[in-house]
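Biologist: I'm new to this one, so could you walk me through some of the wording? I'd like to know what stands behind each label.

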Protein chains: 2
Amino acid sequence: MSSQEQSERTEIDELGEFGLIQHLTKNVELHNASTLQGIGDDAAVLDHLGKPIVVSTDLLLESIHFDLAYMPLKHLGYKSVVVNLSDIYAMNCLPTQVTVSIGVSNRFSVEALEEFYEGVLSACNAYGVDLIGGDTSSSLRGFVISVTAIGEGMPNKIVCRNTAQIGDLICVSGDLGAAYLGLLLLEREKKIYIENPKIQPDLEGQQYIIQRVLKPEARKEIVLLLEELNIVPTSMIDISDGLSSDLLHICTKSEKGCFIYEDKIPIHPDTKAFAYKLNLDPTACALSGGDDYELLFTIATSDYEKIKSHPHISVIGHIVEGDKKQLQTKSGNLYPLTAQGWK
Amino acid sequence: MSSQEQSERTEIDELGEFGLIQHLTKNVELHNASTLQGIGDDAAVLDHLGKPIVVSTDLLLESIHFDLAYMPLKHLGYKSVVVNLSDIYAMNCLPTQVTVSIGVSNRFSVEALEEFYEGVLSACNAYGVDLIGGDTSSSLRGFVISVTAIGEGMPNKIVCRNTAQIGDLICVSGDLGAAYLGLLLLEREKKIYIENPKIQPDLEGQQYIIQRVLKPEARKEIVLLLEELNIVPTSMIDISDGLSSDLLHICTKSEKGCFIYEDKIPIHPDTKAFAYKLNLDPTACALSGGDDYELLFTIATSDYEKIKSHPHISVIGHIVEGDKKQLQTKSGNLYPLTAQGWK
């Protein structure tokens, strides 16, 4: 279903490794003064002028992290960058550079890789980040992607996971669970398509949840908002494994417990509607779904007034003493939060 | 032939992703003041105190870059780090941090990954570099490795490829061609072993060329020596694709030509002997073999006296005006240098 089959096909071998890199990165623009030299030498040269930097890296493998049957290559390139930038924002930092390495088999054409890099550069432009390097290799089979992101922070404003304090309010940006339900929808349509290629996919009215899985965004504006409101979160993480798992990371690393309220967890109406359609509990999807790339953070109660009415931030509970991590349901029952990884 | 089958076997699933990372990185020691925070958060935190940094990344894929039939996992871990550090030294910089990501299928046990990380940490300790992050993922098949190395340099001493000047002397560290012949030897023995597993591999007297392919080293001491001799090379690259290909990179990027002498190219006696045994020309192996990780650099003629008698540096020719890249053979004939990539 990707467009790689439609257009003309140039074999990777026609360009060679160096020619390929040059071809794919010819449109790279540099945005940051900290990038002294980008692609083209043994290494890129950066100078963050005395500011501390943060570094994060992710590996994305075909058939494990993505399925090219419903993930267009341009979206894949975009998402590969964005999920790494999300880690930088989760440190309360601003990303400045990325490296992108790919391993591809000869089933991919140069045109297919152009699409992928179009997505990579589109994300770089959208977030003001420089593509400064990478590696291009052949693979026996499958598409391998490795992205490393570098960002800069202010010395006393880099926020880790292990510094939540008792009484702090637990906040989450945006809404949760949509990416997981979007994925279930795409998996369902793929299955139907495989069984009968003549049936058109039924994605009517599901734009929101599909966009959340195919074109996730990192929450740059939340980091900028916190700066504007003069709030330094006491801890922060991005939600990639699900609210439950990521909140447990903050609690465990901070050696604290938490208490959250089911009715405070932000879930989009479209997410709820599709969950009900599949006979799933929307709260369970939000807790365990993952791939949301929203920011989960804790703030001192003294900062509550500054954010309480912000439409994109929900206060869902608070940090408590001890090691109990609890969810109070809408009906008032208490359940222990458990990390249910999402495969 | 790797030792992963010999010892007890713990399945990766028994630890889970987070448990696995924790387990594999529990022995990480930090060496550098610039590493403020290593593994365990969304990102590592670094502060190079105003020094410019350099960043390089490499992807290593099973069956493309390495063959586990003769590459022990510990050596693979060591080599994965070293080849990246080599890129940092090639910028005349000192590496300070690495991230290492791996994708592995369930054919690998926890013990096998322990061996791999033993090699990674051994390289980190040998070169004084900190392992600050990475990603651990399952793969459908094959071992996927992605390493990113970060180093620091002095503002006016970072050396690129594109700054060689006419008349500069072309220098190379150590000797060339051994890794390629070591690989041919291992491939030959693998083939014999597959045909008849009872025949013991005949590696007698070939320690040097085998070590050069299985346990390459990055030339830290050359960078330190240049500093000590107060030489800033006018250009530098590490030899990963072969002398010919990498010298052409310097020439092309610098918009210059070169003239080198066959009899000046450093080749170890063991390399020569094994090349003759296979009816190969040792010079061709040195020019096109690759995987040597020696440093190729140019210096101003005024620096010649400082290095002329150094046993680990050979002056093999000089940079010329124009775009001719020539080799003068021992018999006095002239041949154009061509980039023969090495697969």
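Biologist: Why is A:F259 called buried?

Modeller: Keep in mind that this is a predicted model. A:F259 has a relative accessible area of 15%, and buried means under 20%, so A:F259 counts as buried.

Biologist: And what makes A:Y261 partly exposed?

Modeller: Its relative accessible area is 25%. Partly exposed runs between the 20% and 50% cut-offs, so that is where A:Y261 belongs.

Biologist: How many aromatic pairs are there over all chains?

Modeller: The count is 12. One of them joins the two residues we just met, A:F259 and A:Y261.

Biologist: Why is the pair of A:F259 and A:Y261 called edge-to-face?

Modeller: A pair of aromatic rings is described by two things, the distance of the centres and the angle of the planes. The centres of A:F259 and A:Y261 are 5.2 Å apart, and 6.5 Å is the limit for a pair. Their planes stand at 65°, and over 60 counts as edge-to-face, so the name follows.

Biologist: What makes B:F116 and B:Y117 an edge-to-face pair?

Modeller: You can run the steps again: centres 5.7 Å apart, within 6.5 Å, and planes at 75°, over 60, so B:F116 and B:Y117 are edge-to-face.

Biologist: Are those two buried or exposed?

Modeller: Buried: B:F116 has 0% relative accessibility and B:Y117 has 4%. Both values are under 20%, so the label fits.

Biologist: Which residues form an aromatic cluster in chain A?

Modeller: One cluster is made of A:F66, A:F108, A:F116, A:Y117 and A:F143.

Biologist: How do you know that the charged end of A:K215 sits over the ring of A:Y78?

Modeller: The charged end of A:K215 is 4.5 Å from the centre of that ring, and the limit is 6 Å, with a second condition of 35 degrees from the ring normal. In chain B, the charged end of B:K215 sits over the ring of B:Y78, 4.5 Å from its centre.

Biologist: What makes the phi of A:N279 worth a look?

Modeller: Most residues other than glycine have a negative phi. A:N279 is not a glycine, yet its phi is positive, near 60°. A:N279 lies in the loop between α8 and α9 of chain A.

Biologist: Why is A:N279 called exposed?

Modeller: Its relative accessible area is 71%, over the 50% cut-off, so A:N279 is exposed.

Biologist: Where does B:E255 lie, and what is its phi?

Modeller: B:E255 is in the loop between α7 and β10 of chain B, with a positive phi of about 55°. At 69% relative accessible area, over 50%, B:E255 is therefore exposed.

Key
Residues are numbered from 1 along each chain as its sequence is written. Chains are lettered from A and ligands numbered from 1 in the order in which they are written. This is a predicted model: local features need pLDDT of at least 70, side-chain atom pairs count only at pLDDT 80 or more; totals for chains, interfaces and linings use all residues. Side-chain values use heavy atoms; hydrogens and water are left out. Rings of Phe, Tyr and Trp (its six-membered ring) pair if their centres lie within 6.5 Å; planes under 30 degrees apart count as stacked, over 60 as edge-to-face and the rest as tilted. Buried means under 20% relative accessible area, exposed over 50%, partly exposed in between (1.4 Å probe, protein chains only). Helices (H or I, at least four residues) and strands (E, at least two) are DSSP runs, numbered from the N terminus.
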